[in-house]
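Trainee: I would like a close look at a single part of this model. Please take one residue pair as the way in, and work outwards from there.

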Amino acid sequence: MTTSFTVNGRNYSPRNCPVVGICLDGSADDYLDAAMVRGRLPNLQRMAVAGWRGLARAQMPTFTNVNNTSIVTGAPPCVHGVGGNYFFDTSVGAEVMTNSASFLRADTIFPAAQLAGRRVAVVTAKDKLRDIFAAGLIERGGIAFSSERVKDAEVATHGIARVEDLVGPGPYIYSGEASVYVLKAGVALLESGLADFLYLSTTDFMQHTYPPEAEESLDFYAALDEQIGHLLRLGAIVGVTADHGMNAKQRPDGTPNVTYLESVLEQQFEAGFRVILPITDPHLVHHGALGSFAQVHLPPGSALAVDEVIEWVRSLPGVTEALDRETAARLMELPPDRMGDFVVCSGRDAVLGRTPEWHDLSQLKVGLRSHGGRYEEMVPLLFSAPLVSEYASRAKGDPRNFDLFDYLCNGIQPCTSPV
Ligand SMILES: [Zn+2]
(Lines give C-alpha, C1' and ligand atoms only; values in the text may rest on other atoms or scores of the structure.)
Protein backbone atom coordinates (compact mmCIF):
# COMPACT_ATOMS: atom_id res chain seq x y z
CA MET A 1 0.00 0.00 0.00
CA THR A 2 1.26 3.44 -0.84
CA THR A 3 0.52 6.19 1.60
CA SER A 4 0.00 9.74 0.41
CA PHE A 5 2.84 12.20 0.67
CA THR A 6 3.18 15.97 0.53
CA VAL A 7 6.05 17.88 -1.09
CA ASN A 8 6.30 21.65 -1.60
CA GLY A 9 2.68 22.11 -0.57
CA ARG A 10 1.27 19.55 -3.00
CA ASN A 11 -0.27 16.24 -1.97
CA TYR A 12 0.40 13.08 -3.99
CA SER A 13 -1.75 9.92 -3.71
CA PRO A 14 -0.41 7.45 -6.27
CA ARG A 15 -2.33 4.28 -7.09
CA ASN A 16 -0.82 0.90 -6.30
CA CYS A 17 0.32 0.25 -9.84
CA PRO A 18 3.61 1.34 -11.38
CA VAL A 19 3.82 5.06 -12.14
CA VAL A 20 6.21 6.32 -14.84
CA GLY A 21 6.81 10.00 -15.62
CA ILE A 22 8.78 10.65 -18.81
CA CYS A 23 10.45 13.88 -19.95
CA LEU A 24 11.31 13.65 -23.65
CA ASP A 25 13.93 16.40 -23.78
CA GLY A 26 13.43 18.94 -26.57
CA SER A 27 10.22 17.32 -27.84
CA ALA A 28 8.26 20.05 -29.57
CA ASP A 29 4.81 18.67 -30.37
CA ASP A 30 5.86 18.79 -34.06
CA TYR A 31 8.10 15.77 -33.44
CA LEU A 32 5.22 13.67 -32.15
CA ASP A 33 2.94 14.86 -34.95
CA ALA A 34 5.44 14.11 -37.70
CA ALA A 35 5.97 10.56 -36.45
CA MET A 36 2.34 9.92 -35.47
CA VAL A 37 0.83 10.88 -38.83
CA ARG A 38 3.28 8.46 -40.45
CA GLY A 39 2.09 5.65 -38.18
CA ARG A 40 5.41 5.40 -36.34
CA LEU A 41 4.04 5.87 -32.80
CA PRO A 42 1.41 3.18 -32.24
CA ASN A 43 1.71 3.27 -28.43
CA LEU A 44 1.64 7.04 -28.01
CA GLN A 45 -1.25 7.11 -30.47
CA ARG A 46 -3.18 4.62 -28.32
CA MET A 47 -2.43 6.76 -25.26
CA ALA A 48 -3.79 9.82 -27.11
CA VAL A 49 -7.02 8.00 -27.96
CA ALA A 50 -7.64 6.03 -24.75
CA GLY A 51 -6.04 8.48 -22.31
CA TRP A 52 -5.12 12.10 -22.85
CA ARG A 53 -3.09 14.11 -25.35
CA GLY A 54 -2.79 17.87 -25.05
CA LEU A 55 -0.24 20.59 -24.48
CA ALA A 56 1.34 21.93 -21.29
CA ARG A 57 3.23 25.13 -20.65
CA ALA A 58 6.89 24.68 -19.80
CA GLN A 59 8.78 26.95 -17.43
CA MET A 60 10.60 30.01 -18.74
CA PRO A 61 13.43 30.13 -19.59
CA THR A 62 12.83 26.98 -21.60
CA PHE A 63 16.02 25.15 -20.68
CA THR A 64 16.76 21.62 -19.52
CA ASN A 65 17.85 22.08 -15.89
CA VAL A 66 15.13 24.66 -15.19
CA ASN A 67 12.32 22.42 -16.42
CA ASN A 68 13.62 19.09 -15.16
CA THR A 69 14.07 20.61 -11.71
CA SER A 70 10.54 22.04 -11.90
CA ILE A 71 9.12 18.64 -12.88
CA VAL A 72 10.88 16.76 -10.07
CA THR A 73 9.92 19.32 -7.42
CA GLY A 74 6.44 20.08 -8.81
CA ALA A 75 7.27 23.75 -8.39
CA PRO A 76 8.61 26.77 -10.35
CA PRO A 77 12.17 28.14 -10.02
CA CYS A 78 11.20 30.85 -7.50
CA VAL A 79 10.61 27.88 -5.16
CA HIS A 80 13.39 25.46 -6.19
CA GLY A 81 16.06 28.00 -7.14
CA VAL A 82 17.24 26.69 -10.54
CA GLY A 83 16.43 29.41 -13.10
CA GLY A 84 19.02 28.43 -15.72
CA ASN A 85 21.60 25.78 -16.58
CA TYR A 86 24.06 28.52 -15.74
CA PHE A 87 24.02 31.84 -13.84
CA PHE A 88 26.26 34.60 -12.49
CA ASP A 89 26.50 34.07 -8.75
CA THR A 90 26.89 37.66 -7.49
CA SER A 91 27.61 36.37 -3.97
CA VAL A 92 30.92 34.87 -5.15
CA GLY A 93 31.41 36.91 -8.36
CA ALA A 94 31.58 33.81 -10.57
CA GLU A 95 29.62 32.19 -13.39
CA VAL A 96 28.45 28.76 -12.25
CA MET A 97 26.65 25.75 -13.68
CA THR A 98 23.55 24.59 -11.80
CA ASN A 99 24.37 20.90 -12.12
CA SER A 100 24.47 20.08 -8.43
CA ALA A 101 21.87 19.54 -5.72
CA SER A 102 23.59 22.30 -3.72
CA PHE A 103 21.56 24.80 -5.82
CA LEU A 104 18.24 23.27 -4.78
CA ARG A 105 16.09 25.28 -2.38
CA ALA A 106 13.29 22.70 -2.28
CA ASP A 107 12.96 18.92 -1.99
CA THR A 108 12.20 16.75 -4.98
CA ILE A 109 9.18 14.47 -4.66
CA PHE A 110 11.34 11.32 -4.79
CA PRO A 111 12.57 10.90 -1.18
CA ALA A 112 8.98 11.42 0.05
CA ALA A 113 7.66 8.86 -2.46
CA GLN A 114 10.31 6.39 -1.30
CA LEU A 115 9.40 6.99 2.37
CA ALA A 116 5.72 6.51 1.46
CA GLY A 117 6.49 2.95 0.38
CA ARG A 118 7.35 3.29 -3.31
CA ARG A 119 10.47 1.91 -4.93
CA VAL A 120 11.74 5.02 -6.70
CA ALA A 121 14.18 5.07 -9.61
CA VAL A 122 15.32 8.05 -11.64
CA VAL A 123 17.20 7.63 -14.90
CA THR A 124 18.61 10.55 -16.89
CA ALA A 125 20.60 10.68 -20.11
CA LYS A 126 22.74 13.66 -19.08
CA ASP A 127 24.77 12.99 -15.96
CA LYS A 128 24.64 16.73 -15.15
CA LEU A 129 21.06 16.22 -13.89
CA ARG A 130 21.69 13.14 -11.77
CA ASP A 131 22.88 14.95 -8.67
CA ILE A 132 19.69 17.06 -8.57
CA PHE A 133 17.45 14.04 -9.17
CA ALA A 134 19.29 11.96 -6.54
CA ALA A 135 19.05 14.57 -3.75
CA GLY A 136 17.96 12.77 -0.59
CA LEU A 137 16.97 9.66 -2.54
CA ILE A 138 19.89 7.23 -2.43
CA GLU A 139 20.20 7.28 1.37
CA ARG A 140 16.51 6.33 1.54
CA GLY A 141 16.97 3.31 -0.71
CA GLY A 142 16.15 4.80 -4.12
CA ILE A 143 18.03 4.52 -7.42
CA ALA A 144 19.45 7.27 -9.66
CA PHE A 145 21.86 6.92 -12.58
CA SER A 146 22.59 8.32 -16.04
CA SER A 147 23.00 6.61 -19.40
CA GLU A 148 25.97 8.94 -20.03
CA ARG A 149 27.96 7.45 -17.15
CA VAL A 150 26.28 4.12 -16.62
CA LYS A 151 29.57 2.46 -15.59
CA ASP A 152 29.85 4.85 -12.60
CA ALA A 153 26.79 3.41 -10.89
CA GLU A 154 27.58 1.95 -7.46
CA VAL A 155 25.18 0.92 -4.73
CA ALA A 156 26.53 3.46 -2.22
CA THR A 157 26.23 6.45 -4.57
CA HIS A 158 23.57 5.43 -7.11
CA GLY A 159 21.50 2.79 -5.29
CA ILE A 160 22.39 0.24 -7.97
CA ALA A 161 25.50 -1.37 -9.51
CA ARG A 162 26.26 -3.31 -12.70
CA VAL A 163 23.55 -1.50 -14.68
CA GLU A 164 24.96 -2.84 -17.95
CA ASP A 165 24.17 -6.40 -16.81
CA LEU A 166 20.55 -5.35 -16.41
CA VAL A 167 20.06 -3.01 -19.39
CA GLY A 168 22.89 -3.66 -21.82
CA PRO A 169 26.04 -1.75 -22.84
CA GLY A 170 25.95 1.99 -22.12
CA PRO A 171 25.49 4.28 -25.15
CA TYR A 172 27.49 7.21 -26.55
CA ILE A 173 26.01 10.46 -25.19
CA TYR A 174 25.79 12.18 -28.61
CA SER A 175 23.36 9.65 -30.03
CA GLY A 176 19.67 8.78 -30.09
CA GLU A 177 20.50 5.61 -28.18
CA ALA A 178 21.53 7.73 -25.15
CA SER A 179 17.83 8.55 -24.80
CA VAL A 180 16.35 5.21 -25.86
CA TYR A 181 18.62 3.58 -23.24
CA VAL A 182 16.95 5.68 -20.53
CA LEU A 183 13.56 4.17 -21.40
CA LYS A 184 15.06 0.68 -21.77
CA ALA A 185 16.47 1.10 -18.25
CA GLY A 186 12.98 2.03 -17.04
CA VAL A 187 11.56 -1.13 -18.61
CA ALA A 188 14.30 -3.28 -17.05
CA LEU A 189 13.87 -1.71 -13.59
CA LEU A 190 10.10 -2.24 -13.72
CA GLU A 191 10.37 -5.79 -15.06
CA SER A 192 12.91 -6.83 -12.43
CA GLY A 193 10.80 -5.36 -9.61
CA LEU A 194 13.58 -2.95 -8.60
CA ALA A 195 11.31 0.07 -9.03
CA ASP A 196 7.62 0.97 -9.33
CA PHE A 197 7.78 4.79 -9.29
CA LEU A 198 10.01 6.14 -12.04
CA TYR A 199 11.16 9.36 -13.65
CA LEU A 200 12.87 8.92 -17.02
CA SER A 201 14.52 11.99 -18.58
CA THR A 202 16.13 11.84 -22.04
CA THR A 203 18.53 14.18 -23.90
CA ASP A 204 17.81 16.53 -26.81
CA PHE A 205 20.84 15.74 -28.98
CA MET A 206 18.60 14.37 -31.74
CA GLN A 207 16.23 17.36 -31.72
CA HIS A 208 19.15 19.82 -31.79
CA THR A 209 20.43 17.91 -34.82
CA TYR A 210 17.39 16.89 -36.90
CA PRO A 211 14.03 18.53 -37.75
CA PRO A 212 10.80 16.61 -36.99
CA GLU A 213 10.27 15.16 -40.47
CA ALA A 214 13.85 13.85 -40.90
CA GLU A 215 14.13 10.06 -41.23
CA GLU A 216 16.52 10.09 -38.23
CA SER A 217 13.89 11.80 -36.04
CA LEU A 218 11.13 9.43 -37.16
CA ASP A 219 13.29 6.38 -36.38
CA PHE A 220 14.27 7.90 -33.04
CA TYR A 221 10.70 8.53 -31.93
CA ALA A 222 9.64 5.07 -33.13
CA ALA A 223 12.36 3.57 -30.89
CA LEU A 224 11.14 5.63 -27.90
CA ASP A 225 7.56 4.57 -28.64
CA GLU A 226 8.54 0.91 -28.65
CA GLN A 227 9.91 1.23 -25.10
CA ILE A 228 6.81 3.12 -23.97
CA GLY A 229 4.83 0.13 -25.30
CA HIS A 230 6.84 -2.17 -23.01
CA LEU A 231 6.12 0.08 -20.00
CA LEU A 232 2.40 -0.02 -20.80
CA ARG A 233 2.39 -3.80 -21.17
CA LEU A 234 3.99 -4.03 -17.72
CA GLY A 235 0.90 -2.31 -16.31
CA ALA A 236 2.37 1.15 -15.72
CA ILE A 237 0.42 4.40 -15.75
CA VAL A 238 2.58 6.49 -18.07
CA GLY A 239 2.73 10.28 -18.39
CA VAL A 240 4.84 12.01 -21.05
CA THR A 241 5.89 15.64 -21.31
CA ALA A 242 8.96 17.66 -22.36
CA ASP A 243 11.23 20.24 -20.79
CA HIS A 244 11.05 22.52 -23.84
CA GLY A 245 10.42 22.54 -27.58
CA MET A 246 12.99 23.11 -30.33
CA ASN A 247 13.13 25.41 -33.37
CA ALA A 248 15.50 26.18 -36.24
CA LYS A 249 17.35 29.40 -35.39
CA GLN A 250 18.67 30.22 -38.83
CA ARG A 251 18.47 32.72 -41.63
CA PRO A 252 17.08 31.50 -44.97
CA ASP A 253 20.67 30.80 -46.14
CA GLY A 254 21.17 28.38 -43.25
CA THR A 255 23.54 30.53 -41.17
CA PRO A 256 22.80 30.96 -37.43
CA ASN A 257 20.56 33.98 -36.75
CA VAL A 258 22.45 35.48 -33.78
CA THR A 259 22.33 38.85 -32.04
CA TYR A 260 25.54 39.25 -30.03
CA LEU A 261 24.10 41.20 -27.09
CA GLU A 262 27.31 41.94 -25.20
CA SER A 263 28.93 43.36 -28.34
CA VAL A 264 26.02 45.60 -29.35
CA LEU A 265 25.41 46.82 -25.77
CA GLU A 266 29.06 47.81 -25.34
CA GLN A 267 29.04 49.51 -28.73
CA GLN A 268 25.90 51.50 -27.85
CA PHE A 269 26.59 52.28 -24.16
CA GLU A 270 29.83 51.42 -22.34
CA ALA A 271 32.17 48.51 -21.57
CA GLY A 272 31.57 45.99 -18.79
CA PHE A 273 28.21 44.42 -19.62
CA ARG A 274 27.93 40.77 -18.64
CA VAL A 275 25.54 38.67 -20.71
CA ILE A 276 24.71 35.27 -19.21
CA LEU A 277 23.34 32.61 -21.53
CA PRO A 278 21.63 30.09 -19.28
CA ILE A 279 21.67 27.41 -22.01
CA THR A 280 25.40 27.00 -21.37
CA ASP A 281 26.20 23.45 -20.27
CA PRO A 282 28.86 20.79 -20.88
CA HIS A 283 27.17 19.80 -24.17
CA LEU A 284 28.18 22.70 -26.46
CA VAL A 285 28.18 20.42 -29.48
CA HIS A 286 24.38 20.60 -29.27
CA HIS A 287 23.87 24.33 -29.57
CA GLY A 288 27.10 26.36 -29.40
CA ALA A 289 25.72 27.95 -26.17
CA LEU A 290 23.23 29.89 -28.30
CA GLY A 291 19.63 30.03 -27.07
CA SER A 292 16.67 32.41 -27.10
CA PHE A 293 17.08 33.80 -23.59
CA ALA A 294 19.70 35.92 -21.81
CA GLN A 295 20.27 37.48 -18.41
CA VAL A 296 22.08 40.84 -18.63
CA HIS A 297 24.11 42.41 -15.83
CA LEU A 298 24.87 46.15 -16.19
CA PRO A 299 28.55 47.14 -15.91
CA PRO A 300 29.61 47.18 -12.21
CA GLY A 301 29.00 50.63 -10.71
CA SER A 302 27.39 51.89 -13.92
CA ALA A 303 25.22 55.02 -13.78
CA LEU A 304 23.14 53.78 -16.73
CA ALA A 305 19.38 53.70 -16.19
CA VAL A 306 18.23 50.11 -16.68
CA ASP A 307 14.91 51.22 -18.23
CA GLU A 308 16.76 53.17 -20.91
CA VAL A 309 18.94 50.18 -21.79
CA ILE A 310 15.90 47.86 -21.88
CA GLU A 311 14.04 50.21 -24.20
CA TRP A 312 16.99 50.23 -26.61
CA VAL A 313 17.33 46.41 -26.49
CA ARG A 314 13.65 46.07 -27.45
CA SER A 315 14.47 47.71 -30.79
CA LEU A 316 17.06 45.07 -31.72
CA PRO A 317 16.24 42.65 -34.54
CA GLY A 318 15.16 39.22 -33.28
CA VAL A 319 14.38 40.50 -29.77
CA THR A 320 10.77 39.84 -28.72
CA GLU A 321 10.85 40.72 -25.02
CA ALA A 322 13.08 42.61 -22.55
CA LEU A 323 12.00 42.87 -18.90
CA ASP A 324 13.59 44.26 -15.75
CA ARG A 325 14.51 41.77 -13.05
CA GLU A 326 11.49 42.33 -10.80
CA THR A 327 8.98 42.08 -13.66
CA ALA A 328 10.64 39.00 -15.17
CA ALA A 329 10.89 37.31 -11.76
CA ARG A 330 7.16 37.87 -11.19
CA LEU A 331 5.96 36.89 -14.67
CA MET A 332 8.36 33.97 -15.15
CA GLU A 333 8.40 32.79 -11.49
CA LEU A 334 12.20 33.07 -11.25
CA PRO A 335 14.50 33.52 -8.23
CA PRO A 336 15.47 37.25 -8.34
CA ASP A 337 18.76 36.76 -6.49
CA ARG A 338 20.04 34.52 -9.30
CA MET A 339 19.16 36.90 -12.14
CA GLY A 340 20.76 39.80 -14.00
CA ASP A 341 19.45 43.38 -14.04
CA PHE A 342 17.18 42.46 -16.93
CA VAL A 343 16.26 39.52 -19.17
CA VAL A 344 15.97 39.32 -22.96
CA CYS A 345 14.06 36.82 -25.13
CA SER A 346 14.41 36.31 -28.87
CA GLY A 347 11.99 34.99 -31.50
CA ARG A 348 11.26 31.62 -33.03
CA ASP A 349 14.11 31.84 -35.56
CA ALA A 350 16.58 33.91 -33.51
CA VAL A 351 19.14 33.36 -30.73
CA LEU A 352 21.16 35.58 -28.43
CA GLY A 353 24.94 35.44 -28.02
CA ARG A 354 27.63 37.23 -26.01
CA THR A 355 30.34 38.22 -28.53
CA PRO A 356 31.27 36.52 -31.82
CA GLU A 357 34.59 35.43 -30.27
CA TRP A 358 32.96 33.76 -27.26
CA HIS A 359 31.02 31.21 -29.33
CA ASP A 360 32.71 28.41 -31.21
CA LEU A 361 30.27 27.83 -34.05
CA SER A 362 32.60 25.29 -35.63
CA GLN A 363 31.25 22.92 -32.95
CA LEU A 364 27.87 23.01 -34.68
CA LYS A 365 27.97 20.05 -37.02
CA VAL A 366 24.67 20.92 -38.71
CA GLY A 367 22.43 24.00 -38.80
CA LEU A 368 21.46 25.62 -35.53
CA ARG A 369 18.36 24.29 -33.77
CA SER A 370 17.84 25.58 -30.24
CA HIS A 371 15.42 26.77 -27.52
CA GLY A 372 15.14 28.95 -24.42
CA GLY A 373 12.38 31.43 -25.30
CA ARG A 374 8.60 31.67 -25.54
CA TYR A 375 8.43 29.79 -28.83
CA GLU A 376 9.64 26.62 -27.12
CA GLU A 377 7.22 27.02 -24.22
CA MET A 378 4.30 24.75 -25.24
CA VAL A 379 5.15 21.06 -24.97
CA PRO A 380 3.26 17.74 -25.26
CA LEU A 381 1.35 16.27 -22.32
CA LEU A 382 0.11 12.69 -22.64
CA PHE A 383 -1.36 10.17 -20.22
CA SER A 384 -2.06 6.48 -20.77
CA ALA A 385 -5.45 6.47 -19.03
CA PRO A 386 -8.38 8.92 -18.86
CA LEU A 387 -8.24 11.83 -16.42
CA VAL A 388 -10.76 12.38 -13.63
CA SER A 389 -13.11 15.25 -14.42
CA GLU A 390 -11.34 17.87 -12.30
CA TYR A 391 -7.99 17.14 -13.95
CA ALA A 392 -9.56 16.85 -17.42
CA SER A 393 -10.89 20.41 -16.95
CA ARG A 394 -7.54 21.64 -15.67
CA ALA A 395 -5.76 19.99 -18.60
CA LYS A 396 -7.85 22.14 -20.94
CA GLY A 397 -6.81 25.27 -19.04
CA ASP A 398 -3.16 26.11 -18.42
CA PRO A 399 -1.51 22.86 -17.30
CA ARG A 400 2.22 23.09 -16.57
CA ASN A 401 4.78 20.45 -17.45
CA PHE A 402 5.77 20.40 -13.78
CA ASP A 403 2.26 19.16 -12.90
CA LEU A 404 3.31 15.79 -14.42
CA PHE A 405 3.43 13.81 -11.16
CA ASP A 406 0.35 15.59 -9.77
CA TYR A 407 -1.62 14.29 -12.76
CA LEU A 408 0.00 10.85 -12.59
CA CYS A 409 -0.70 10.44 -8.85
CA ASN A 410 -3.99 12.32 -8.41
CA GLY A 411 -5.58 12.81 -11.80
CA ILE A 412 -5.91 9.35 -13.39
CA GLN A 413 -9.31 7.66 -13.33
CA PRO A 414 -9.45 4.65 -11.00
CA CYS A 415 -10.39 1.18 -12.26
CA THR A 416 -9.32 1.94 -15.78
CA SER A 417 -6.96 -0.65 -17.08
CA PRO A 418 -4.01 1.20 -18.60
CA VAL A 419 -3.71 1.20 -22.39
ZN1 LIG B 1 16.39 20.05 -22.75
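Mentor: Start with isoleucine 22, which stands opposite leucine 200 in β9. This is a predicted model. The pair belongs to a parallel pairing, in which 5 bridges join β3 to β9.

Take β9 further. Its 5 residues are buried, 5 of 5, so the strand is largely enclosed by the rest of the structure. In a regular strand the side chains alternate between the two faces of the sheet. Both faces are covered here. Phe197, Tyr199 and Ser201 lie on one side, Leu198 and Leu200 on the other, and all are buried.

β9 has another partner, β7 (residues 120-124). That pairing is also in the parallel sense, over 5 bridges. Within it, valine 120 has phenylalanine 197 of β9 as its bridge partner.

Now go back to β3, residues 19-23. This strand pairs with β10 (residues 237-241), again in the parallel sense and over 5 bridges. There, valine 19 stands opposite isoleucine 237.

Put these strands into the whole sheet. The sheet is open and has 7 strands, in the order β4-β19-β10-β3-β9-β7-β8. Its pairing is mixed. At the edges are β4 (52-57) and β8 (143-146), each pairing on one side only. From one strand to the next, the twist averages 15°.

What lies against the sheet strands? Both β3 and β9 are among the elements that cover the buried residues of helix α3. The cover also includes α4 (77-80), α5 (110-115), α6 (130-133) and α17 (404-410). Helix α3 spans residues 64-73, and 10 of its 10 residues are buried, so the helix is largely enclosed by the rest of the structure. The buried set includes Asn65, Asn67 and Asn68, along with Val66, Ile71 and Val72. Thr64, Thr69, Ser70 and Thr73 are buried too. Just after α3 comes glycine 74, with a positive phi of about 65°.

Next, a helix pair. Two packed helices are described by the angle between their axes and the distance between the axes. For α2 (residues 42-50) and α11 (residues 215-233), the axes come within 7 Å and cross at roughly 55°. That makes α2 oblique to α11. From α2, the contact uses Pro42, Asn43 and Leu44. From α11, it uses Asp225, Ile228, Gly229 and Leu232. By class, this contact has 4 nonpolar, 2 polar and 1 charged residues.

Last, the domains. The domain assignment gives domain 1 as 5-246 + 373-410, and domain 2 as 258-370. Their C-alpha centres lie 28 Å apart. Across the boundary, 26 residues of domain 1 are in contact with 31 residues of domain 2. On the domain 1 side, the elements giving two or more residues are α4, β5 (86-89), β6 (94-97) and α10 (205-209). α10 gives the most to this side, with 4 residues. The residues of the domain 1 side divide into 14 nonpolar, 8 polar and 4 charged.

One link is worth keeping. Helix α4 is part of the cover over α3. α4 also gives two or more residues to the side of domain 1 that touches domain 2.

Methods
Residues are numbered from 1 along each chain as its sequence is written. This is a predicted model: local features need pLDDT of at least 70, side-chain atom pairs count only at pLDDT 80 or more; totals for chains, interfaces and linings use all residues. Two strands pair if DSSP finds at least two bridges between them. Axes are lines fitted to C-alpha atoms, for helices over the stretch in contact, and angles run from 0 to 180 degrees between N-to-C directions. A residue is buried if 20 or more other C-beta atoms lie within 10 Å of its own, exposed if 12 or fewer, and partly exposed in between; C-beta atoms are placed from the backbone. Two residues are in contact if their C-beta atoms, placed from the backbone, lie within 7 Å. Angles under 35 degrees count as roughly parallel, over 145 as roughly antiparallel, 65 to 115 as roughly perpendicular and the rest as oblique. Ala, Val, Leu, Ile, Met, Phe, Trp, Tyr, Cys and Pro count as nonpolar, Asp, Glu, Lys and Arg as charged, and the others, Gly among them, as polar. Domain bounds come from an automatic or database domain assignment.
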